[in-house]
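Colleague: I should like to go through this model with you, one feature at a time. Please give the reasoning before each result.

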Amino acid sequence: MKRVAALLLLTLAAAGAQAHPHGRDGKLQCEVRSDYTMRMHGKAFVFTSDRDAARHIALGGGRLFVNGQEVQLTPADRERVRQYEAELNRLVPQVQEVV
C-alpha cells in the first residue's frame, strides 16, 4: 500500500501544471500547489515535505525511496518509475524556465 501511495504522490506532485506569462516582463509563472518541494540531487528527483523536512521521497535509476528507505518494487513498478523519471527529465528544461 505504501508503494501505491508513494507512486500516487509522485504523480500528483508533477501533475499537469500549466505555466503562463505573468506581468509585463513576460516571465513564466506556474500555478501548481503542493505540500512537497522538488529538487534534483545528481540525476535523482527528491520530493521533500514542506511541513516536515524529515519526510521525503526520492527516485532515481528506477529506484524509489521513502524517508531514506528503498521501497521494493515489482519489475512492472520499477518500469513505471523509470518511465516517470524519463518524463520528469524531459520536463526539466521547461521547468527551469518557470519563475
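Colleague: Which residues of α2 are buried?

Modeller: The model is a predicted one. A residue counts as buried when its relative accessible area is under 20%. In α2, the residues that meet this criterion are D77, V81, Y84, E85, L88 and V92.

Colleague: Which element gives the most residues to the largest nonpolar core?

Modeller: The largest nonpolar core has 12 residues: Y36, F45, F47, I57, L59, L64, V71, L73, V81, Y84, L88 and V92. Two or more of these residues come from each of β4 (44-49), β5 (56-60) and α2. With 4 residues, the element that gives the most to this core is α2.

Colleague: What is the distance between the end C-alpha atoms of helix α2?

Modeller: Helix α2 covers residues 75-97, which is 23 residues. At 1.5 Å a residue it should span 33 Å. The computed distance between its end C-alpha atoms agrees with this, at 34 Å.

Colleague: At which residue does α2 bend, and which proline follows?

Modeller: The bend in α2 is about 40 degrees and is located at L91. Within four residues there follows a proline, P93.

Colleague: With which residues is F45 in contact, leaving aside its neighbours within four places in sequence?

Modeller: F45 belongs to the largest nonpolar core. Among its contacts are E85, L88, N89 and V92, and of these E85, L88 and V92 are buried residues of α2. The full list is M38, R39, M40, I57, A58, L59, E85, L88, N89 and V92.

Colleague: How many residues apart in sequence are the parts that the salt bridge between D35 and R51 ties together?

Modeller: The closest N and O atoms of D35 and R51 are 3.3 Å apart, within the 4 Å cut-off for a salt bridge. D35 is partly exposed, at 38% relative accessible area, whereas R51 counts as exposed, at 70%. D35 lies in the loop between β2 (27-30) and β3 (36-41) and R51 in the loop between β4 and β5, so the parts tied together are separated in sequence by 16 residues.

Colleague: Which residue forms a salt bridge with E87?

Modeller: E87 is partly exposed, with a relative accessible area of 35%. Its partner also lies in helix α2, 3 residues apart, about one turn of the helix. The closest N and O atoms are 2.7 Å apart, and the partner is R90.

Terms used: Residues numbered from 1 in each chain as written. Predicted model: local features only at pLDDT ≥ 70, side-chain atom pairs only at ≥ 80, totals over all residues. Heavy atoms only, no water. Expected span 1.5 Å × (residues − 1). Bend = angle between axes of the 7 residues up to and from the residue. Buried < 20%, exposed > 50% of the residue type's maximum accessible area, 1.4 Å probe, protein only. Core = buried A, V, L, I, M, F, W, Y, C linked by side-chain atoms within 4.5 Å. Contact = heavy atoms within 4.5 Å. Salt bridge = Lys/Arg side-chain N within 4 Å of Asp/Glu carboxyl O.
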